[in-house]
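Dear colleague,

I am handing over a structure that I would like you to look through at your own pace. Please open it first, and then read the notes underneath with the model beside you.

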Amino acid sequence: MQDAVMKGTGNSRFLKSVSGFLALYPTYEAFADALVSGTLPVDLNGVNEEGWAELGTPLDKASLLTDATAALAGLGDEATPNEMFAALAGRTLAGTTDLTAGTSDLSNGVVYLVYK
């Protein structure tokens, strides 16, 4: 994954509002009142690439947990990353009871476990 880096020029996102916006907020005072009260209808309408020095990896289902990866853990295509972490933690914790120490003279600094 790659972090995003904004340019800091104030144009990293597009905003979109409802049709008839000017009729709903015909004056600056009406606009400001709605903004301050938290009732101004605004959606973030995508990323404006011109406002970014570097676009990051999108944070979405495809980049967090693919259906194929979820299936490897026996999870369905609606699995969340948290469910995947829980499945992995459960397998790791359950699996360690079946591990026994192997033998090594430690001359190479390696300790290994044998699964039985």
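What follows is a description of what was found, going from the overall layout to particular groups of residues.

Please keep in mind throughout that this is a predicted model. The protein has 116 residues, of which 11% count as buried, and its accessible surface comes to about 9000 Å², with 59% of that area belonging to carbon and sulfur atoms. There are 5 helices and 6 strands, and if you follow the chain from the N terminus you will meet them in the order β-β-α-α-β-β-α-α-α-β-β. Among the contacts in the protein with a separation of 6 or more, 50% are accounted for by residues 24 or more positions apart.

Next come the aromatic residues. A search of the whole structure finds 3 aromatic pairs. One of them joins F21 and Y25, whose ring centres are 5.0 Å apart and whose planes stand at 50 degrees, so this pair is described as tilted. Another joins Y28 and F31, with ring centres 6.0 Å apart and planes at 40 degrees, so this pair is tilted as well. Y28 and F31 are 3 residues apart in helix α2 (residues 28-37), and they are therefore separated by about one helical turn. Together, F21, Y25, Y28 and F31 form one aromatic cluster.

Are the members of this cluster buried or exposed? Y25 counts as buried because its relative accessibility is 14%, and the cut-off for buried is under 20%. Y28, by contrast, has a relative accessible area of 60% and is exposed, while F21, at 22%, is partly exposed, and F31, at 27%, is also partly exposed.

Turning to the nonpolar residues, which ones make up the largest nonpolar core? That core consists of 6 residues, namely L65, A70, A73, A79, M84 and A87. If you would like to trace its surroundings, you could begin at A70, which, leaving aside residues up to four places away in sequence, touches L65, L75, G76, A79 and M84.

On the surface, M1, L59 and L64 form a nonpolar patch, with about 390 Å² of accessible area together. Of these residues, L64 is found in helix α3 (residues 61-64), and it counts as partly exposed because its relative accessibility is 45%.

With best wishes

Technical notes. Residues numbered from 1 in each chain as written. Predicted model: local features only at pLDDT ≥ 70, side-chain atom pairs only at ≥ 80, totals over all residues. Heavy atoms only, no water. Patch = residues over 30% accessible without salt bridge, like charges linked within 9 Å, V, L, I, M, F, W, Y side chains within 5 Å. Areas by Shrake-Rupley, 256 points an atom, 1.4 Å probe, with all protein chains shown as cover. Salt bridge = Lys/Arg side-chain N within 4 Å of Asp/Glu carboxyl O. Helix = DSSP H or I, 4+ residues; strand = E, 2+ residues; numbered from the N terminus. Buried < 20%, exposed > 50% of the residue type's maximum accessible area, 1.4 Å probe, protein only. Core = buried A, V, L, I, M, F, W, Y, C linked by side-chain atoms within 4.5 Å. Contact = heavy atoms within 4.5 Å. Phe/Tyr/Trp six-rings, centres within 6.5 Å; stacked < 30°, edge-to-face > 60°.
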